[in-house]
Amino acid sequence: MSSPTAAERTGATPPRSPIKPKASRRTQSRTGTARPARAQQGPSHQLEADELGALHNELDRWFAENARELPWREADCSPWGVLVSEVMLQQTPVVRVLPVWLDWMERWPEPADLAREASGEAVRHWGRLGYPRRALRLHAAATAIVEEHGGKVPGTYEGLLGLPGVGDYTAAAVAAFAFGERETVVDTNIRRVHARLVSGTALPAPSLTAAEMRLAETLMPQDTALSVRWNASVMELGALVCTARSPKCSDCPVRAECAWLAAGEPPPSYVPKGQAWHGTDRQLRGAVMAVLRVAEAPVARGMFEQAPADLGFAAEGTAVPLAALHRLNSAPEQLERALDGLVRDGLAELHDGDYRLPA
Ligand code: SF4
């Protein structure tokens, strides 16, 4: 199936949609991430067909006027470009992803271009996006695309899910946004919008539930092209308007239908866990990776343990990220844990006491 055009993604008024959910066909990803079992019945908050049709119309109009112009949304963006964007955007904001995505697309416009490289190059050019195991996963996916799919990204949810490192969300999102398939795409932003708009709660459940999947399936237009735009528009509303900390309800195109506003904006029933950073192993691992990314030769363990000044470095090259690492003032056992963890996760290799990116 061909990719949807820009007009299809942002076009005008959709027809009314029946609200019968699509039948379930999957519960478990190759990566082992369990997806809640599919619906046997509708959501607890039932919308009438005309209410749902109005929601579709309002959000579709809003999306046509307000959606950000992003290169992976362009009609000529390849399925590979969409796949890379979906992996990069997980837990990382658009503004940080954009330059790295552009660099990757220039360097590796096709999966075969990345598959030819050592996996360490994917990690090197991941930059500071965080969670660098995603770079290894993309490299493994590119290799499988070349070896098992003739270099073409598979065009179905099932085919995508069969790629190493591609989970349920990514498979659904790429099937929808690259191949125009009707798939239930449920990310953090979509969950939050559904929770407020339909369920009337400030936050979704701490982890994805079967009821949320039922709701998402029920809300999605039956028409395939409209379902693609619906997924994109709800996601965009969550990113731009119905944000986690301070929803801009006065700017919201669906405020008249919002169950959370109608309920008097009840507070969340739990406090979301903050993402600690300073002083964590994650911060230290990031600092070690910053050294390995710029290093042109393997880095001796002693360099991580001693201040760069003691090693006689000029303030350039690896000395800069090494200085940043030493400013963390981490305990020796934390450094050891970080280095061991990076080797164990395949993000670094250890040879004769020297560390380097994977070859
Ligand atoms: S009215 Fe406010 S809470 Fe409701 S969907 Fe819009 S932005 Fe979110």
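Select M235 in this predicted model and show its contacts. Leaving aside neighbours within four places in sequence, M235 touches D187, N189 and I190. M235 sits in helix 12. It counts as buried, because 22 C-beta neighbours lie inside 10 Å and the cut-off is 20 or more. Now add F63 to the selection: F63 and M235 are 172 residues apart in sequence, yet their C-alpha atoms are 10.0 Å apart in space.

Widen the selection to helix 12, residues 224-240. Is this helix mostly covered or mostly open? It is mostly covered, with 14 of its 17 residues buried. Put a distance monitor between its end C-alpha atoms, and the value is 24 Å. That agrees with the span of 24 Å due to 17 residues at 1.5 Å a residue.

Next, go back to I190, one of the contacts of M235, and select helix 10, residues 188-199, together with helix 11, residues 210-219. Two packed helices are described by the angle between their axes and the distance between the axes. Here the angle is about 80° and the axes are 11 Å apart. Helix 10 and helix 11 are therefore roughly perpendicular to each other. To see the contact itself, show I190, R191, H194 and V198 on the helix 10 side, and E212, L215, A216 and L219 on the helix 11 side. By class, these residues are five nonpolar, one polar and two charged.

Helix 10 also leads to the ligand. Which helix gives the largest share of the shell around the ligand? Helix 10 does, with three residues. Helix 13, residues 259-262, is the other element to colour, as helix 10 and helix 13 each supply at least two residues of the shell. Of the 13 residues around the ligand, the ones that come nearest are C242, C249, C252, R255 and C258. Colour the shell by class and it shows 11 nonpolar residues, no polar ones and two charged ones.

From helix 13, follow the chain into the loop that runs to helix 14, and stop at E265. The phi of E265 is near 55°, a positive value in a residue that is not glycine. Most residues other than glycine have a negative phi, and most peptide bonds are trans. E265 counts as partly exposed because it has 13 C-beta neighbours inside 10 Å.

The loop ends at helix 14, residues 281-294. Its 14 residues should span 20 Å at 1.5 Å a residue, and its end C-alpha atoms are indeed 20 Å apart. Which residues of helix 14 are buried? They are L284, R285, G286, A287, V288, M289, V291 and L292. Show what covers them: the cover includes strand 1 (299-300), helix 15 (301-305), helix 16, helix 17 and strand 3 (354-356).

Two of those covering elements bracket the next stop. Select N329, in the loop between helix 16 (319-327) and helix 17 (332-344). N329 has a positive phi of about 55° and is not a glycine. N329 is exposed, because 8 other C-beta atoms lie within 10 Å.

Finally, zoom out to the whole protein chain. The chain has 17 helices and three strands, and 38% of its 359 residues count as buried. Among contacts between residues at least 6 apart in sequence, 70% join residues at least 24 apart.

Methods
Residues are numbered from 1 along each chain as its sequence is written. This is a predicted model: local features need pLDDT of at least 70, side-chain atom pairs count only at pLDDT 80 or more; totals for chains, interfaces and linings use all residues. Axes are lines fitted to C-alpha atoms, for helices over the stretch in contact, and angles run from 0 to 180 degrees between N-to-C directions. Helices (H or I, at least four residues) and strands (E, at least two) are DSSP runs, numbered from the N terminus. Angles under 35 degrees count as roughly parallel, over 145 as roughly antiparallel, 65 to 115 as roughly perpendicular and the rest as oblique. Two residues are in contact if their C-beta atoms, placed from the backbone, lie within 7 Å. Ala, Val, Leu, Ile, Met, Phe, Trp, Tyr, Cys and Pro count as nonpolar, Asp, Glu, Lys and Arg as charged, and the others, Gly among them, as polar. The expected span of a helix is 1.5 Å times one less than its number of residues. A residue is buried if 20 or more other C-beta atoms lie within 10 Å of its own, exposed if 12 or fewer, and partly exposed in between; C-beta atoms are placed from the backbone. A residue is near a molecule or strand if its C-beta atom, placed from the backbone, lies within 6 Å of it.
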